[in-house]
Each structure stands twice: as C-alpha cells, then as structure tokens.
Amino acid sequence: MSDEDITLTAGDAEVTVQPGNGGRVGGLRIGGVELLRQGVGVPPGERSRAWGRFGCFPMVPWCGRIRDGRFLDGAEVRQMPLNAPPHAIHGTVRDHAWRTARTSTDEAVLTCELVDPWPHPGVVTQIVALTQDALTLTMSVETYESSFPAQIGWHPWFNRNLGGEDVTLDFDPAWQEERGDDHLPTGNRLDPKPGPWDDCFGMPGGVEATLTWPGQLELKVTSREEWVVVYDEQREAVCVEPQTGPPNGLNTQPRLVTPLEPLEATTTWSWRRL
C-alpha cells in the first residue's frame with residue numbers, strides 16, 4: 001500500500017497518520033481543535049534536522065540521546081551518526097518512509113524496516129487505533145536474525161495553548177534522573193524538582209500524566225512503561241514521552257530484542273471535555 005497520509009475518525013475525533021513522514025501522527029483534532037503542534041512551513045527535507053518538532057513521532061531503536069552516538073552491542077561498540085552533536089538522538093525510523101500494511105476507518109497499521117546505519121535487520125510495526133475518547137499507539141520491534149538492544153518511545157508535541165489558557169501538566173514520578181551538562185542522566189536519582197524540564201522521570205507503576213487546558217480539555221497520557229521524558233522548555237509546545245528506558249538506555253538499561261522475544265510498548269491518550 002502507499003505511504004500517503006491516512007485520516008482516521010471516531011465520533012468528533014480525527015487523527016492524521018503520515019507513513020511517508022517517519023510513521024508520525026501528524027495531527028489529533030477533537031471537535032476540530034488541533035492538539036498537536038503542526039509542521040507548517042518546514043520543508044520535508046528539513047524535518048529530521050529540525051528534530052521533527054511537530055505531531056508525534058516514533059523513537060526506535062533508541063529514545064533520546066546516546067552518548068557520543070556509541071553503544072555496546074554484545075562485545076562490539078557501535079557508532080551511530082551524530083545528528084545532535086556530540087550525541088545521536090531519537091533513533092532512525094523517523095527519518096524513513098513507513099509502509100502502510102492495513103487501514104480501516106479508525107485504525108492504521110504501519111511497518112518500517114530497520115536499515116543502515118542500524119547494524120541489525122529488524123521490523124518495526126506501529127498500530128494507531130482511535131476511539132471517540134482515546135488514541136492508542138502500540139509499537140513492536142522484531143528480528144528474525146541476530147539479537148540486539150533496542151528502545152521504543154513516542155515524542156508528541158502537544159500545543160501549549162488551544163485558544164484559551166495555557167496547558168498545565170500534572171504527574172507524580174517516584175524520582176527524577178539527574179541530568180548532566182551533556183543532557184544525559186548521570187545515574188543519580190533525585191527527588192522530582194519543579195520545571196521547566198528537559199528531564200527523565202521514573203514511574204515504576206506505569207506512566208500517568210495529565211495535561212489540562214483549563215475550561216477546554218483534559219488529556220491523560222498513560223503507559224505500562226516506567227520511564228517518561230518531559231520537555232516543556234519551548235514556548236509553543238509541551239512534550240510527554242513514554243519510553244521503555246531512559247536516555248542513553250542502550251548503554252545503561254538495555255532491553256534485548258531476540259528472534260523469540262520482540263520488544264513491545266503501548267501508550268494511550270484519553271481525553272474529556274471540561
């Protein structure tokens with residue numbers, strides 16, 4: 001099937017899925033109001049270099065930064081391109097067109113092959129499922145050959161303002177990863193500090209964060225995973241990023257994908273009007 005944009009609908013909710021633009025959720029509209037920052041005026045060829053600061057893009061096979069772009073793969077050190085010097089950031093699949101495997105009115109299934117510069121063959125599958133009051137994103141990484149470490153995550157850019165008051169964010173992490181001068185966790189865990197943040201937090205019971213646009217909408221981001229990065233240092237958007245491990249996690253918290261055990265993760269955004 002083609003990699004053209006897909007529109008999903010359920011009730012007054014509408015989602016745009018962009019297989020040709022890194023498997024991204026390009027938009028989420030509730031009653032005609034767009035919740036995700038848009039990439040208006042950003043040429044497609046520039047979007048990856050701008051970190052794709054719009055919609056919601058998948059982060060695979062790693063999330064956030066890898067220190068110096070290097071990670072240990074068994075006994076071998078692998079080098080990824082330094083797309084956020086001096087580090088490599090946000091994986092590789094957002095830079096590729098995905099294939100549309102299946103669509104219906106309210107669901108799309110996309111796939112993407114892991115290719116160079118990633119050193120191992122594998123397949124990433126993303127399911128985008130919409131209901132009247134929730135969007136669920138499920139991703140898996142599979143391999144039929146050699147095992148390798150990997151991570152899964154999502155990087156949404158929620159609009160800070162929907163035409164009323166600015167959004168507020170409420171979440172209750174167990175700890176905050178201390179961030180070094182290189183923007184990577186030092187390995188120390190701190191009591192959570194007030195924002196603004198570009199930080200990773202631990203939520204052992206699963207990620208749960210509530211974004212509230214006063215008088216308009218409440219949206220909850222949930223996931224069974226225990227890691228979330230919050231980035232709210234930009235004027236236009238707030239990012240709440242569930243993921244299977246912390247930044248630099250290929251080195252510090254590796255999750256192994258094997259021919260018998262794929263890596264899978266899910267996040268759900270549910271909403272209600274206020």
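## Prolines, a sheet and two cysteines

Pro86 sits in the loop between β8 (76-79) and β9 (88-89). Strands and helices here are DSSP runs numbered from the N terminus, with at least two residues (E) for a strand and at least four (H or I) for a helix. This is a predicted model, so local features need pLDDT of at least 70 and side-chain atom pairs count only at pLDDT 80 or more, while totals for chains, interfaces and linings use all residues. Residues are numbered from 1 along each chain as its sequence is written, and side-chain values use heavy atoms, leaving out hydrogens and water.

Back to Pro86: the bond that joins Pro85 to it is cis, with omega about 10 degrees. There's also a cis peptide bond running from Val60 to Pro61, where omega is near 0 degrees. Pro61 is in a loop too, between β5 (56-59) and β6 (65-66).

Now for phi. Most residues other than glycine have a negative phi, and most peptide bonds are trans. The table covers two non-glycine residues with positive phi. For the last column, buried means under 20% relative accessible area, exposed over 50%, and partly exposed in between (1.4 Å probe, protein chains only).

| Residue | Phi | Loop | Relative accessibility |
|---|---|---|---|
| Asp68 | about 60 degrees | between β6 and β7 (70-73) | 31%, partly exposed |
| Asn248 | near 65 degrees | between β24 (237-243) and α2 (249-252) | 5%, buried |

Next, the sheet. It's an open one, with 8 strands in the order β10-β11-β12-β13-β26-β22-β21-β17 and antiparallel pairing. Two strands pair if DSSP finds at least two bridges between them. The edges belong to β10 (99-103) and β17 (168-171); each has a single partner strand, so one side of each has no neighbour in the sheet. From one strand to the next, the twist averages 15 degrees; axes are lines fitted to C-alpha atoms (for helices, over the stretch in contact), and angles between N-to-C directions run from 0 to 180 degrees.

At the β10 edge, β10 pairs with β11 (residues 107-114) in the antiparallel sense over 4 bridges. If you want a spot to look at, Thr103 stands opposite Ala108 in β11.

What about disulfides? A disulfide is a pair of cysteine sulfur atoms within 2.5 Å, and by that rule the count is 0. The cysteine sulfur closest to that of Cys56 is in Cys239, 9.3 Å away, which is too far for a bond. Cys239 is in no disulfide either. Are these two buried or exposed? Cys56 is buried at 1% relative accessibility, and Cys239 is buried at 0%.
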